[in-house]
Amino acid sequence: QVQLVESGGGLVQAGGSLRLSCAASGRTFGYAMAWFRQAPGKERAFVAAISWSGGRKDYADSVKGRFTISRDNAKDTVYLQMNSLKPEDAAVYYCAADLDYGLRRIGYEYWGQGTQVTVSS
């Protein structure tokens with residue numbers, strides 16, 4: 001079992017930055033981690049993923065060059081640094097974990113409760 005708790009969401013102006021954190025607990029060794037987001041009326045969508053070692057990272061095209069995923073395994077924490085935020089980035093952001101690395105929502109077994117990101121124009 002893995003428990004995930006997101007934090008760091010909030011209200012930011014367009015062009016601003018936020019750093020999301022996802023604290024993991026339980027049997028976390030070897031897990032790939034990812035961030036997804038869900039805007040009102042839309043499906044939950046992939047944002048970024050990182051392998052256990054951190055050697056593999058993938059990003060949605062819409063966030064490439066603006067968002068950076070990273071992890072600190074000693075702290076069991078994954079981060080999402082979000083820069084140059086746009087109104088269309090507003091959503092509930094979810095952290096996910098699974099032993100298998102992937103970019104699809106269905107592939108992730110464990111999920112956090114989400115943290116709201118609001119971007120004002």
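Buried means under 20% relative accessible area, exposed means over 50%, and partly exposed lies in between. The exercises below apply to a predicted model.

**Exercise 1. Classify Ser84 as buried, partly exposed or exposed, and describe its place and backbone.**

Step 1. Ser84 has a relative accessibility of 40%, so it counts as partly exposed.

Step 2. The residue sits in the loop between E8 and E9.

Step 3. Phi of Ser84 is near 50 degrees, which is a positive value in a residue other than glycine.

**Exercise 2. Do the same for Asp76.**

Step 1. The relative accessible area of Asp76 is 29%, so Asp76 is partly exposed.

Step 2. Asp76 belongs to the loop between E7 and E8.

Step 3. For Asp76, phi is near 50 degrees, a positive value in a residue that is not glycine.

**Exercise 3. Find the cavities of 30 Å³ or more and describe the lining of the largest cavity.**

Step 1. The idea of the search is general: rolling a probe the size of a water molecule over the atoms shows where empty space is left.

Step 2. Over the whole structure, the search finds one cavity of 30 Å³ or more. The largest cavity holds about 80 Å³ of space.

Step 3. Its lining consists of 13 residues, and those nearest the centre are Ala24, Thr28, Met33, Arg71 and Asp76. Two elements give two or more residues each to this lining: strand E7 (67-72) and strand E8 (77-82).

Step 4. Sorted by type, the lining of the largest cavity has seven nonpolar, three polar and three charged residues. Asp76, one of the residues nearest the centre, is the loop residue of Exercise 2, between E7 and E8.

**Exercise 4. Decide how far strand E9 is enclosed, and list its pairings with E4, E11 and E10.**

Step 1. Strand E9 covers residues 91-98, and seven of its eight residues are buried, so the strand is largely enclosed by the rest of the structure.

Step 2. With strand E4 (residues 32-38), E9 forms an antiparallel pair over seven bridges. Here Trp35 has Cys95 in E9 as its bridge partner.

Step 3. With strand E11 (residues 115-120), E9 also pairs in the antiparallel sense, over three bridges. Val117 in E11 stands opposite Ala91.

Step 4. Strand E10 (residues 110-111) is joined to E9 by two bridges, and the two strands run antiparallel. The bridge partner of Ala96 in E10 is Trp111.

**Exercise 5. Describe the largest nonpolar core and the contacts of Leu4.**

Step 1. In soluble globular proteins, nonpolar side chains tend to be buried together.

Step 2. The largest nonpolar core has 34 residues, and Leu4, Trp35, Leu80, Met82 and Tyr93 touch the most other members.

Step 3. At least two residues of this core come from each of strand E1 (2-7), strand E3 (18-26), E4, strand E5 (45-50), E7, E8, E9 and E11.

Step 4. Setting aside residues up to four places away in sequence, Leu4 touches a set of residues that includes Cys22, Ala24, Met33, Cys95, Ala96, Tyr110 and Trp111. Among these, Cys95 is the bridge partner of Trp35, and Ala96 is the bridge partner of Trp111.

**Exercise 6. Compare the burial and contacts of Ile69, Ser21 and Gly10.**

Step 1. Ile69 lies in strand E7. With a relative accessible area of 0%, Ile69 is buried.

Step 2. Beyond residues up to four places away in sequence, the contacts of Ile69 include Met33, Trp35, Ala48, Ile50, Tyr59, Val78 and Leu80. The C-alpha atoms of Ile69 and Gly54 are separated by 9.1 Å, with their positions 15 residues apart along the chain counted as the distance apart.

Step 3. Ser21 has its place in strand E3. Its relative accessible area is 18%, so Ser21 is buried, given the cut-off of under 20%. Leaving out residues up to four places away, Ser21 touches Val5, Glu6, Ser7, Trp35, Thr77, Val78 and Tyr79.

Step 4. Gly10 belongs to strand E2 (residues 10-13). At 24% relative accessibility, Gly10 counts as partly exposed. Apart from neighbours within four places in sequence, Gly10 is in contact with Leu18, Gln116, Val117 and Thr118. Gly10 and Gln116 are 106 residues apart in sequence, yet their C-alpha atoms are 6.1 Å apart in space.

Terms used. Residues numbered from 1 in each chain as written. Predicted model: local features only at pLDDT ≥ 70, side-chain atom pairs only at ≥ 80, totals over all residues. Heavy atoms only, no water. Helix = DSSP H or I, 4+ residues; strand = E, 2+ residues; numbered from the N terminus. Buried < 20%, exposed > 50% of the residue type's maximum accessible area, 1.4 Å probe, protein only. Contact = heavy atoms within 4.5 Å. 1 Å grid on protein atoms, 1.4 Å probe; cavity = no way out; pocket = protein on both sides within 12 Å on 5 of 7 lines; lining within 4 Å. Points joined across faces, edges and corners; volume = space filled by probe spheres on them. Nonpolar A, V, L, I, M, F, W, Y, C, P; charged D, E, K, R; others polar. Pairing = 2+ DSSP bridges. Core = buried A, V, L, I, M, F, W, Y, C linked by side-chain atoms within 4.5 Å.
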